[in-house]
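Biologist: I should be grateful for a close look at a single part of this structure. Please choose one helix and describe its surroundings in a connected account.

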Amino acid sequence: MIPKVKTFANLWLQWYEITVEADENRALPTIEIIGLPDAAIRESKERLRATFRNVGITLPKRKFVLNLSPSDIKKVGTSFDVPMAIAMLFLLSEGKIHYAEQIADFLFFGELGLDGEIKRVNGLLPCVVSAMKQWYKHFFVPAENVYELEYVPGIHIYPLTTFFQIIQYFLHGDPFVVIDQAKDIEQLFDKEQWYDLDFEHIKGHILAKRALAIAAAGLHNIVMVGAPGSWKTMLSKALQSILPPLGFEEILEVSQIYSVVGKLNKDSPLIIKRPFRQIHHTASKISITGGGSNLTPGEVSLAHKGILFFDELTEFPREVLEVLRQPIEDKAVVISRVAWTIQYPANFMFVAAMNPCKCWYHKDPEKACICSITDIKKYQSKISWPLLDRIDMILEIPRENIDKILDRGKGESSESMRAKVINARKIQQTRFAGTGIFSNAQMGPKHLEQYITLDEQSKSFLSEASRKLILSPRVVHRTIKLARTIADMEGAVEITVQHLAEAMQYRSRTMFVEME
Ligand SMILES: [Zn+2]
């Protein structure tokens, strides 16, 4: 009987059930691994040999063949060591092991050290989550990985530290300390549901706070323009504190991406806050979109369900900004190679900050700008029109009056702002149920036709404004989408002239006016 041992493998954020089969024959003594293994897996032979030697099992002088099937899926990483060792153990004992009947219900993961230690692997959480969907419940995993699975309900975790433990369990039937009870995820919230920045500590900036709440409510992309000292970066960071909390399914969805890149640890076993990823202008295109030889997810995917923040937007090379267009549009990033394409999730809110001009003080109430109009245009044209076209809100952030900053009173708290955001999101969820979109910002022309009705007053206001200000149809559409979010924040059924007028304020006419 050829033993079949099960594991799950991650390939480019897709998960597959993999069966390890072991066989032996009388050819020259060696271990051969087949079934599209990568270099790391081929190196397992040495680790397997050393592991068996360390537990006092001498491998017979035969050829062992380990087959990883299905063979058309590329296997990467080191988590196949343990399932391969189990398959060999099964074969060596001629199937006379404890729990032989149940072995098809068990899944095994882990890398072997030369001394028989079992080491952590990346991407375990998503493997377990997808295996659960296939009704698997028993997981033998490296003890070092247990923290990322402790909050997943309905599974049995068998923490592994050494191969010796496996021998004791399967050969001698020794008991195993199994974790059957998931920890309460609420514990994590208590510890982490604390944001570094609360809007109540950012004094003044009434208009900016209002705009950010609207952006968060309708998932509108936003660029803030202002001189240094206008607190653009701080306002952007505080934005995280007013986004609705992640649901449990979303927590798993986001955490899976972090698990694959090895960014989960004991202090943050799951990603429970919406991510805030601040990108530096020296970041490479690949680090942002993902890819490279290992096809690792990039910043756009690490920001999934959260915020992707570009500070000093004009400092970024143009080709880096251009790669953002596709994920902003599609909420996913597509990486193409000659023979195939893969897709990673990248549903983020794009937030950026920039100075208005080279000298920083264009439109500053106190300091005079020394740039010529040509300089300013040249500076602002670093942001390409196609990217700007995907931004709903361009907000001028003036430096705040010093009296307001020294004011001891508190502003509106993040908690109160978040409650309004959550309400507006609920209204949008109901509106767009079953359509594949979930926010006002995502409405295309056909959604506008279907979901938006404007009364006569609003229509004439818009047509007059677009005549006077020479607004393009795209700008008019954006204004309507923003007005819809503003109305949702009030729980208003119809869009009014007031909502439209407010929406217009959030598209700076002086910045980028030449490009509209
Ligand atoms: Zn200037």
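Modeller: The following account concerns helix 4 and its surroundings. The model is predicted, and the description should be read with that in mind.

Helix 4 comprises residues 124-133. This helix is mostly covered, for seven of its ten residues are buried. The buried residues are Leu124, Leu125, Pro126, Cys127, Val128, Val129 and Ala131. A residue is called buried here if 20 or more other C-beta atoms lie within 10 Å of its own.

The next matter is what provides this cover. Several strands take part, including strand 1 (4-11), strand 2 (14-25), strand 5 (106-108) and strand 8 (138-142). Helix 9 is also among the elements that cover the buried residues of helix 4.

The packing against helix 9 may be described further. Helix 9 consists of residues 248-260, and its axis lies 7 Å from that of helix 4, at an angle of about 135°. Because of this angle, helix 4 is oblique to helix 9. On the side of helix 4, the contact is made by Leu124, Leu125, Pro126 and Val129. Helix 9 contributes Leu252, Ser255, Gln256, Ser259 and Val260. Sorted by class, the residues of this contact are six nonpolar and three polar, with no charged residues. Leu124, Leu125, Pro126 and Val129 thus appear both in the contact with helix 9 and among the buried residues of helix 4.

Finally, the backbone just beyond the helix deserves mention. Trp135, which comes just after helix 4, takes a positive phi of about 75°.

Terms used:
Residues are numbered from 1 along each chain as its sequence is written. This is a predicted model: local features need pLDDT of at least 70, side-chain atom pairs count only at pLDDT 80 or more; totals for chains, interfaces and linings use all residues. Axes are lines fitted to C-alpha atoms, for helices over the stretch in contact, and angles run from 0 to 180 degrees between N-to-C directions. Helices (H or I, at least four residues) and strands (E, at least two) are DSSP runs, numbered from the N terminus. Angles under 35 degrees count as roughly parallel, over 145 as roughly antiparallel, 65 to 115 as roughly perpendicular and the rest as oblique. Two residues are in contact if their C-beta atoms, placed from the backbone, lie within 7 Å. Ala, Val, Leu, Ile, Met, Phe, Trp, Tyr, Cys and Pro count as nonpolar, Asp, Glu, Lys and Arg as charged, and the others, Gly among them, as polar. A residue is buried if 20 or more other C-beta atoms lie within 10 Å of its own, exposed if 12 or fewer, and partly exposed in between; C-beta atoms are placed from the backbone.
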